[in-house]
Amino acid sequence: MNIPFLGHRRRRPGVFDPEGIAELLAECELLRSQAGRVGVQLDDTVDSLEALDQLLPRWRDDEEILPWLGNDAGLYLGTVIVRTVPGAAWEIWPDGQPVVRLDSGREFDVVAAGQEWAASGVPELSQLYAEVAES
């Protein structure tokens, strides 16, 4: 974050603020808006993933919203994993793709998973969470 009146913060190349990145990736505005319209509150818990899995997928009819919603679904899945699975953290690949890295070193491309969920509903977000949490 660069706030002019506070001066410039110098950072080494390749080093990022994990908390700031986590906050930014957790926004998922479109997904939160769509879920809120049907009464689903996204509170960064596993239960909220299950509630998302139960939504009627009306967004599949809108080719413009589908990729954005899939992206948000993946970022939301990653947010729940990072906040509830011990040792899980966000990692940014050199191409800018956010992934979740587990203590074991395994990386999970949550955005790709969210895209699949938005397009077809399979696999379910709660199922993906369960697979990652077992690792």
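Start with the sheet: three strands line up in the order β1-β2-β3, forming an open sheet with antiparallel pairing. The strands at its edges are β1 and β3 (107–108), and each of them pairs on one side only. Keep in mind as you click around that this is a predicted model.

**Stop 1: the sheet and the helix on it**

Select residues 89–92 for β1 and 98–101 for β2. These two strands run antiparallel and are joined by four bridges. For one of those pairings, click I92 and look across to β2, where P98 is the bridge partner. Now add α4 to the selection: this helix packs on the sheet and touches β1, β2 and β3. Compare the directions of α4 and β1, and you should find an angle of about 135 degrees.

While the strands are still on screen, show the side chains of E91 and R101. They meet in a salt bridge, 3.7 Å from N to O. E91 sits in β1 and R101 in β2, so the pair ties together parts that are ten residues apart in sequence. Are these two buried or exposed? E91 is partly exposed, with a relative accessible area of 26%, and R101 is partly exposed too, at 32%.

**Stop 2: zoom out**

Colour the chain by secondary structure. You should be able to pick out six helices and three strands. Going along the sequence, the pattern reads α-α-α-α-β-β-β-α-α. Of the 135 residues in the chain, 36% are buried. If you take contacts with a separation of 6 or more, 56% of them are between residues 24 or more positions apart. Switch on the surface and you are looking at about 8,300 Å² of accessible area, with 51% of it belonging to carbon and sulfur atoms.

**Stop 3: into the core**

Hide the surface again. The largest nonpolar core holds 33 residues, and those with the most contacts inside it are L31, L52, Y76, L77, I81, F108 and L125. Show those seven as sticks or spheres. To see where the core comes from, select α1 (18–25), α2 (29–37), α3 (46–53), α4 (65–84), α5 (110–120) and α6 (125–134), the elements that each give two or more residues to it. Which of them gives the largest share? That is α4, with seven residues.

Next, centre the view on L77. Leaving aside residues up to four places away in sequence, what does L77 touch? Its partners are L49, F108, V110, A113, L125, L128 and Y129.

**Stop 4: two arginines and one aspartate**

Select R32, D44 and R83, which are linked in a network of salt bridges. Searching the whole structure turns up four salt bridges, and two of them meet here at D44.

Take R32 to D44 to begin with: the closest N and O atoms are 3.1 Å apart. R32 is in helix α2 and D44 in the loop between α2 and α3, twelve residues apart. Then turn to R83 and D44, with an N to O distance of 2.1 Å. R83 lies in helix α4, so this pair ties together parts that are 39 residues apart in sequence.

Now check how much of each residue is covered. D44 is buried, with a relative accessible area of 15%. R32 is partly exposed at 26%, and R83 is partly exposed at 45%.

**Stop 5: backbone oddities**

Most residues other than glycine have a negative phi, and most peptide bonds are trans. Here are some exceptions to click on.

Stay on D44 for a moment: its phi is positive, about 65 degrees, although it is not a glycine. Then jump to C28, in the loop between α1 and α2. What is phi of C28 near? The value is near 45 degrees, again positive in a residue other than glycine. C28 is buried, with a relative accessible area of 4%.

For the last selection, pick V122 and P123. The peptide bond from V122 to P123 is cis, with omega near -5 degrees. You will find P123 in the loop between α5 and α6.

Notes:
Residues are numbered from 1 along each chain as its sequence is written. This is a predicted model: local features need pLDDT of at least 70, side-chain atom pairs count only at pLDDT 80 or more; totals for chains, interfaces and linings use all residues. Side-chain values use heavy atoms; hydrogens and water are left out. A nonpolar core is a set of buried Ala, Val, Leu, Ile, Met, Phe, Trp, Tyr and Cys residues joined through side-chain atoms within 4.5 Å. Buried means under 20% relative accessible area, exposed over 50%, partly exposed in between (1.4 Å probe, protein chains only). Contact means heavy atoms within 4.5 Å. Accessible areas come from the Shrake-Rupley method with a 1.4 Å probe; for residues, only the protein chains shown count as cover. Two strands pair if DSSP finds at least two bridges between them. Axes are lines fitted to C-alpha atoms, for helices over the stretch in contact, and angles run from 0 to 180 degrees between N-to-C directions.
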